[in-house]
Every structure is written in C-alpha cells, then in structure tokens.
Amino acid sequence: MTVQQEAGVGAEELEVWIDQDLCTGDGICVQYAPEVFELDIDGLAYVKGSGDELLQVPGATTPVPLPLLRDVTDSAKECPGDCIHVRRVSDKVEVFGPDAE
C-alpha cells in the first residue's frame, strides 16, 4: 500500500503545518524533508513557503509536494512532539499527525 492509498488521498492536494507549542526542536522533520521544514533561531521547526521563506505565523500551512509525500508523512509519524499535521486541502481533514483519524 502506498502512502497515498494509506491516506486515502489519491490525487488530492495535501498541506502541512507545525504546532510550535508542541515542537521539541528535535529536528527529525528537517532530516526527513529539508525542502519543507526548517529549524529557526528559536530552536523550533517551521514549514517553508515558496522561495524557502519560513512561515512563522501560527498555523501557517504549505503544500506537500507529491515527491516528498513519504518524507513529510514519515516526519509526522516520527516527530517526538506530535506537532506535525498533514491534512487534505479540500476538506481540512487530517490524514497524518496527532489528529488523524
């Protein structure tokens, strides 16, 4: 079963965001997907937008590029702070992360 099938997403667009209140600054997400995540000077992880800028507004989301889907979902599964949320853009239902069904 692929990650897409596991998430029931097919060709649906996904987005990811980090709850900095729960972030431990462990950096596992950056190891898995440095194109999507980055640790800031405050020691917390943030998602990156287009042009690699950190999105520091609480709840800021960024699209999950299909080639990085497994890396992003693995980072959500392995995150010690359970702070990475991956959800469908269409209905905002979380498919990976602490609130996934």
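These are my notebook entries on the sheet, the helix packed on it and the cavity of a predicted model.

**Entry 1: the sheet**

I began with the strand order and found an open sheet of four strands, arranged β4-β1-β5-β6 with antiparallel pairing. I then looked at the edges, where β4 (62-63) and β6 (94-96) each have a single partner strand, so that one side of each is left without a neighbour in the sheet.

**Entry 2: the pairings, strand by strand**

Going across the sheet from β4, I noted that this strand pairs with β1 (residues 14-18) in the antiparallel sense over two bridges, and that Glu15 has Pro63 of β4 as its bridge partner. On to β5: β1 and β5 run antiparallel and are joined by five bridges, and here I picked out Val16, whose bridge partner in β5 is Val86. The remaining pair, β5 with β6, is again antiparallel and is held over two bridges, with Arg87 standing opposite Glu94 in β6.

I also looked at the connection between β5 and β6, a hairpin with five residues between the strands, and I wrote down Lys92 there for its positive phi near 65°.

**Entry 3: the surroundings of β5**

How many residues of β5 are buried? I counted five of the five, so this strand is largely enclosed by the rest of the structure. Taking the two faces separately, I found Ile84, Val86 and Arg88 on one side, with His85 and Arg87 on the other, and all of these residues are buried, which leaves both faces covered. Val86, the bridge partner of Val16, and Arg87, which stands opposite Glu94, are therefore both among the residues buried at under 20% relative accessible area.

I next looked for what lies across the strands and found helix α3 (residues 69-78), which lies across β1, β5 (84-88) and β6 and runs at about 130° to β5.

**Entry 4: the cavity**

I searched the whole structure for enclosed space and obtained one cavity of 30 Å³ or more, for which I recorded a volume of about 70 Å³. Which residues line this cavity? I listed Cys23, Thr24, Gly25, Asp26, Gly27, Ile28 and Cys29, together with Ala45, then Cys79, Pro80, Cys83 and Ile84. Sorted by class, the lining has eight nonpolar, three polar and one charged residues, and I note that Asp26 is the charged one, because Asp counts as charged.

Ile84 links this entry to the previous one, as a lining residue of the cavity and as one of the buried residues of β5.

Notes: Residues numbered from 1 in each chain as written. Predicted model: local features only at pLDDT ≥ 70, side-chain atom pairs only at ≥ 80, totals over all residues. Heavy atoms only, no water. 1 Å grid on protein atoms, 1.4 Å probe; cavity = no way out; pocket = protein on both sides within 12 Å on 5 of 7 lines; lining within 4 Å. Points joined across faces, edges and corners; volume = space filled by probe spheres on them. Pairing = 2+ DSSP bridges. Contact = heavy atoms within 4.5 Å. Axes fitted to C-alpha atoms, helices over the stretch in contact; angles between N-to-C directions. Buried < 20%, exposed > 50% of the residue type's maximum accessible area, 1.4 Å probe, protein only.
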